[in-house]
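Subject: Structure handover

Hello,

Here is the structure we talked about handing over. My notes on what was found in it follow below.

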Amino acid sequence: MSNTASRAAAPRLSPISLSILALLVPLAVQAQTAPAEARAADAKSSTAASTATGDGTQKRLLDEVVVTGVRKKTFAAETVRVGAFRDQDPLDVPLTNSVMSRDLLDAQAAQGLFDALKNTAGVTRSQVSGSTYDNLSIRGIIVENRSNYRLNGNLPVVNLIDIPLENKEQVEVLKGASSMYYGMVPPSGIVNFVTKRAGPTPVTSLTTTVNDHGGAKVHMDIGRRFGEEQSVGIRVNAATSKEETGIARYKGDRDVLTLAADWRATSWANFKLDVEHYRKNTSEQAGIQLPAAVNGVITLPRVPDNKTNLAPEWARYDAQANNVLLRGDFALSEDWVLSVETGRAQTERDRNNTTFINYNPQTGAGTASVNTLKGQKYTNTNHRVEAIGRFDTFGVGHELTLGTTYNQRESAGWTSGTATAPQNLYAPVDIAQLNPTLRQAGFPSEINDRGLYAFDRVSVGEQWQFLAGVRKTIYRSEATSPTAPVSVYRADKVTPNFSVMWKPMKNLSVYGSVLRGLEETGTAPLTADNAGQVLSPAVSKQRELGVKARVGEVLLQTAVFQTDRALTTTINRVYQIGGEARYRGLEFSASGEIGRDFAIVASALLLDAEITKVGTTNAGELGQSPENTPKNTLSLFGEYRVPMVPGLSLNAGVYHFGKRAVNNLNQGWVDAYETLSIGARYQFRVMDKAVNLQANVDNLTDKNYWSTAGNNLLGVGAPRTVRLTAKVDF
């Protein structure tokens, strides 16, 4: 590629981005003299816990098993545990990453996935309002529910039921194209869940949570180490809850039971096992169909009261998930480690999904269409074998990763039927039980995604790192239907990735990356005539330029990026590939401790997304913004630890989401909105037991707003919720 072409394709640096980049350099210089006793203490504890010899990969491998037990409380994580960057300092990762620590999740009393990820720039809801599970987009691109959510950096769990946070140590987001390590995934990013593990200190805690709508939860967390030299660790989390959100005709229950076990079998072999079972049975809030366009313009109805539910209570969402992941790490020498992982994730659900259709936006009179789906079942089977080694060639250091993966995704057939009843958007009524006739609607499908990859981190001196990777993907997708030929897609392609990083000082890094990847372009939603169809794969491209710095205990990140990918669109009720879209943006984040008394998590995104290529049937989308893609997002959360009252902390957060187009034709827009949160927690001791009392309020002003758009649907944000929590550590 010529220099001219490279400049033309790269994201443009705005005055704002240049200013931020310039500010980070002097801040990082200051960071060289900032106190770092806590990090040194953690490193000392980690080294003492290791049973391996030498300074290479073997020690880092064995540290990983035990270091989680000596975690200090902080809003800024010091390691990333996702993809090819497992156990790396965020400063050494040449992509934008966000980590939500356990302390942050606790401070916010986070209950679900969106509660955690609202602290990450560019994360928005998509299609559904979140009453049953969180369907999300990052940087305007859907986070695919069957491939982009990972357990402990590997197993693709199915995000069609609330993924529990009770047993998670941290939640991570690695943004952008990640297909080199994870295969056929969209370039929105990978969401990784890191489980709690037993540490040197025994854990026994009981947490109770209630809200002002009548919801209640009890959660038990127990962790112990056993055996000679405490070589075996067991961590069990169990929770049960009564689900009430303040939305009319919404109620249900939820249960969670998880196990995380590890065994340091020898000085050269570690094993880990994670088992999760969780279920949820609740009413599902209705989605609202977009009104028809008049003269090319869609006029949205006024936002209904946030407690409104147009679905009946009997319209249940009944789902359960079982995830199992087993990993073995074997130190072949002081410089080479072999990792073997195998896992299986399975989610089953029966669903009564209500859509409000054919209504008058002024009077609200319309129809509730209840779509009953029975027997949906999704299974992911995943295997990975990986070798990591360190060596030098002519004074140049290498950390080489060689791996192979196999991922099989299966979807069982299901039956479906639809029944309708009168309903009103502004004066909803209860709907008597409907029993539609069920017919075969979803048919079995299978996806096989195999890959071979090599990734080399080359160190030239202490200031330069070059990361080069290549992946060969062999992909096959097959779907059956009695009324159409078997649909088969195949792909066999090699995709390269390259990054360069310059570290002029220890706590400052500047990087650039060029990534290519294959992605599945999406699965047709229930509102489409081809619901459930997996679209053919396509190549996505990404460029990113960024700066990261650690200033004292605060991690700062800023990046400009451009992602080009296939455009999915719905034309005449058929979900299909309709061209290409380009996403350009500037992103900034800050997280960590400011002095002893204040902690902060902040993020911002300015996004310029545009449809750059179209087909003959969707020419009107050219130059428009892709649907449900915000122009900007902002989140700011801070906690003040009151020095005059030891144990007392006060917090507040503001979350802004910019306006979004309701479809690719930009015929209407969802207004921008902000929500406010406040909270307080007080930690003290009673009879030598640690006690934490906490109160949190979300959507403080009880704002009514459209929280989501996409696939011809609208969703309403949740009402104000007051949550009280009491935790005792025995």
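To start with a single pairing: T204 has I222 in β10 as its bridge partner. Please keep in mind throughout that the model is predicted.

The run of strands from β9 to β13

The T204 pair belongs to the contact between strand β9 (residues 203–211) and β10, which run antiparallel and are joined by 8 bridges. These strands form a hairpin with 4 residues between them, and G214 in this hairpin has a positive phi near 105 degrees.

Strand β10 covers residues 216–226 and has two unlike faces. On the covered face are K217, H219, D221, G223 and R225. The uncovered face carries A216, V218, M220, I222, R224 and F226. The general pattern is that side chains in a regular strand alternate between the two faces of the sheet. I222, the partner of T204, is thus listed on the uncovered face.

On its other pairing, β10 is joined to β11 by 11 bridges, again antiparallel. D221, from the covered face of β10, stands opposite N237 in β11. The hairpin of β10 and β11 has 5 residues between the strands, and G227 takes a positive phi near 85 degrees there.

Strand β11 (residues 232–243) then pairs with strand β12 (residues 252–266) in the antiparallel sense, over 12 bridges. N237 appears here too, opposite T258 in β12. Between β12 and strand β13 (residues 269–283) there are 14 bridges, and the two run antiparallel. D255 has R279 in β13 as its bridge partner. The hairpin of β12 and β13 has 2 residues between the strands.

The five-stranded sheet and the cores

There is also an open sheet of 5 strands with mixed pairing, in the order β1-β7-β8-β5-β6. Its edge strands, each pairing on one side only, are β1 (97–101) and β6 (155–156). β6 pairs with strand β5 (residues 149–151) in the antiparallel sense over 2 bridges, and L151 stands opposite L155 in β6.

Y149 lies within the residue range of β5 and is also one of the residues with the most contacts inside the largest nonpolar core. That core has 46 residues, and L117, V171, V191 and F193 are the others with the most contacts inside it. Apart from it lies another core of 19 residues, including V93, L95, A177 and I190. In general, nonpolar side chains in soluble globular proteins tend to be buried together.

Leaving aside residues up to four places away in sequence, V191 touches L113, L117, I138, V143, N148, Y149, R150, V171, E172 and V173. Among these, L117, Y149 and V171 are also on the list of residues with the most contacts in the largest core.

Two buried positions: L518 and D456

L518 is found in strand β24 (residues 508–520). L518 counts as buried because its relative accessible area is 6%, and the cut-off for buried is under 20%. The C-alpha atoms of L518 and A177 are 8.9 Å apart, although 341 residues separate them along the chain. With residues up to four places away in sequence left out, L518 touches S179, G183, M184, V185, T473, A491, K493, T495, A538 and V539.

D456 sits in strand β21 (residues 445–460). D456 is buried but has no salt bridge, and R457, the nearest side chain of opposite charge, is 8.0 Å away. What does the side chain of D456 join by a polar contact? The partner is the side chain of H398, at 2.9 Å. H398 is also among the residues that D456 touches beyond four places in sequence, together with E399, L400, F466, L467 and A468.

Two positive phi values outside glycine

Most residues other than glycine have a negative phi. F394 is not a glycine, yet has a positive phi of about 55 degrees. F394 is found in the loop between β17 (365–393) and β18 (396–411). F394 is exposed, with a relative accessible area of 89%.

M687 is the other case listed here: its phi is positive, about 50 degrees, and M687 is not a glycine. M687 is placed in the loop between β33 (673–686) and β34 (689–698). With a relative accessible area of 76%, M687 is exposed.

Regards

How values were computed. Residues numbered from 1 in each chain as written. Predicted model: local features only at pLDDT ≥ 70, side-chain atom pairs only at ≥ 80, totals over all residues. Heavy atoms only, no water. Pairing = 2+ DSSP bridges. Buried < 20%, exposed > 50% of the residue type's maximum accessible area, 1.4 Å probe, protein only. Lys, Arg positive; Asp, Glu negative; His and termini not counted. Salt bridge = Lys/Arg side-chain N within 4 Å of Asp/Glu carboxyl O. Polar contact = N/O pair within 3.5 Å; in protein donor to acceptor, adjacent residues only side chain to side chain. Contact = heavy atoms within 4.5 Å. Core = buried A, V, L, I, M, F, W, Y, C linked by side-chain atoms within 4.5 Å.
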